[in-house]
Amino acid sequence: MKREKLQEFRYKNKLTQEQMANKLDVTVSHYKAIEYGQRNPSFELMERIKNIFPNANIDKIFLS
(Lines give C-alpha, C1' and ligand atoms only; values in the text may rest on other atoms or scores of the structure.)
Protein backbone atom coordinates (compact mmCIF):
# COMPACT_ATOMS: atom_id res chain seq x y z
CA MET A 1 0.00 0.00 0.00
CA LYS A 2 1.40 3.37 -1.01
CA ARG A 3 2.44 5.64 1.84
CA GLU A 4 0.56 8.75 0.79
CA LYS A 5 1.48 10.65 3.96
CA LEU A 6 5.18 10.18 3.21
CA GLN A 7 4.63 11.38 -0.33
CA GLU A 8 2.65 14.40 0.92
CA PHE A 9 5.43 15.16 3.39
CA ARG A 10 7.98 15.06 0.57
CA TYR A 11 5.83 17.32 -1.62
CA LYS A 12 5.39 19.84 1.21
CA ASN A 13 9.16 20.01 1.52
CA LYS A 14 9.45 20.50 -2.25
CA LEU A 15 11.71 17.47 -2.72
CA THR A 16 11.92 14.87 -5.45
CA GLN A 17 12.31 11.22 -4.52
CA GLU A 18 15.98 11.47 -5.49
CA GLN A 19 16.54 14.51 -3.28
CA MET A 20 14.76 12.85 -0.37
CA ALA A 21 16.85 9.69 -0.79
CA ASN A 22 20.04 11.76 -0.85
CA LYS A 23 19.05 13.64 2.31
CA LEU A 24 18.33 10.33 4.06
CA ASP A 25 21.49 8.69 2.70
CA VAL A 26 19.67 5.80 1.06
CA THR A 27 19.43 4.73 -2.56
CA VAL A 28 16.62 6.09 -4.65
CA SER A 29 15.27 2.57 -5.20
CA HIS A 30 15.25 1.95 -1.44
CA TYR A 31 13.40 5.21 -0.79
CA LYS A 32 10.89 4.51 -3.58
CA ALA A 33 10.21 1.05 -2.16
CA ILE A 34 9.41 2.63 1.21
CA GLU A 35 7.21 5.33 -0.32
CA TYR A 36 5.32 2.78 -2.42
CA GLY A 37 4.85 0.48 0.58
CA GLN A 38 7.01 -2.33 -0.77
CA ARG A 39 9.42 -2.06 2.17
CA ASN A 40 9.04 -0.91 5.74
CA PRO A 41 11.29 1.84 7.02
CA SER A 42 13.84 0.88 9.63
CA PHE A 43 13.82 2.57 13.00
CA GLU A 44 17.11 4.22 12.01
CA LEU A 45 15.57 5.68 8.86
CA MET A 46 12.68 7.11 10.86
CA GLU A 47 15.25 8.62 13.25
CA ARG A 48 17.09 10.19 10.29
CA ILE A 49 13.83 11.73 9.04
CA LYS A 50 13.19 13.15 12.51
CA ASN A 51 16.75 14.53 12.75
CA ILE A 52 16.72 16.10 9.28
CA PHE A 53 13.13 17.36 9.57
CA PRO A 54 12.64 18.15 13.30
CA ASN A 55 9.00 19.12 12.78
CA ALA A 56 8.15 15.79 11.13
CA ASN A 57 5.48 13.75 12.88
CA ILE A 58 6.72 10.20 12.34
CA ASP A 59 3.52 8.68 13.74
CA LYS A 60 1.41 10.66 11.30
CA ILE A 61 3.67 9.83 8.35
CA PHE A 62 4.02 6.09 8.95
CA LEU A 63 1.28 4.97 11.33
CA SER A 64 -1.86 6.73 10.17
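## Two pockets

Let's start with the runner-up: the second largest pocket holds about 170 Å³ of space. This is a predicted model, by the way. Helix 1 and helix 5 are the elements that each put two or more residues into the lining of that second largest pocket. Helix 1 gives the most, with three residues. The full lining is M1, K2, R3, E4, K5, E8, G37, I61, F62 and S64. Sorted by class, that makes five charged, three nonpolar and two polar residues.

Now for the largest pocket, where the space comes to about 210 Å³. Its walls are made by K5, E8, F9, K12, N13, N55, A56, N57, K60 and I61. Here helix 1 (4-12) and helix 5 (58-63) each bring at least two lining residues, and helix 1 again gives the most, this time with four. The class count for the largest pocket is four charged, three polar and three nonpolar residues. If you click through both linings, you'll run into K5, E8 and I61 in each of them.

## The core and M20

Some general background: in soluble globular proteins, nonpolar side chains tend to be buried together. In this model, the largest nonpolar core has 16 residues, and M20 and I49 are the ones that touch the most other members. Helix 1, helix 2 (17-24), helix 3, helix 4 and helix 5 each give two or more residues to this core.

M20 is a good residue to centre your view on. Setting aside residues up to four places away in sequence, M20 touches L6, F9, R10, L15, Y31 and F53. Two of those names, F9 and F53, come up again in the next section.

## One aromatic pair

Search the whole structure for aromatic pairs and you get one. The partners are F9 and F53, arranged edge-to-face, with 5.0 Å from centre to centre and 90 degrees between the planes. F9 sits in helix 1 while F53 is in the loop between helix 4 and helix 5, so the pair ties together parts that are 44 residues apart in sequence.

Both of these phenylalanines are buried. F9 also appears in the lining of the largest pocket, and both F9 and F53 are among the residues that M20 touches.

## P41, tucked into a loop

P41 belongs to the loop between helix 3 (28-35) and helix 4 (43-52). Its relative accessibility is 14%, so P41 counts as buried; the cut-off for that is under 20%.

What does P41 touch, once residues up to four places away in sequence are left out? The list is R3, I34, M46 and F62. Of these, R3 and F62 also help line the second largest pocket. There's also Y31, which is 10 residues from P41 in sequence and 8.8 Å from it in space, C-alpha to C-alpha. Y31 is one of the residues touched by M20.

## Q7 in helix 1

Is Q7, a residue of helix 1, buried or exposed? With a relative accessibility of 12%, Q7 counts as buried. Leaving out neighbours within four places in sequence, Q7 is in contact with K2 and E35. K2 is a residue you've already met in the lining of the second largest pocket.

Definitions and conventions
Residues numbered from 1 in each chain as written. Predicted model: local features only at pLDDT ≥ 70, side-chain atom pairs only at ≥ 80, totals over all residues. Heavy atoms only, no water. 1 Å grid on protein atoms, 1.4 Å probe; cavity = no way out; pocket = protein on both sides within 12 Å on 5 of 7 lines; lining within 4 Å. Points joined across faces, edges and corners; volume = space filled by probe spheres on them. Nonpolar A, V, L, I, M, F, W, Y, C, P; charged D, E, K, R; others polar. Buried < 20%, exposed > 50% of the residue type's maximum accessible area, 1.4 Å probe, protein only. Contact = heavy atoms within 4.5 Å. Phe/Tyr/Trp six-rings, centres within 6.5 Å; stacked < 30°, edge-to-face > 60°. Core = buried A, V, L, I, M, F, W, Y, C linked by side-chain atoms within 4.5 Å.
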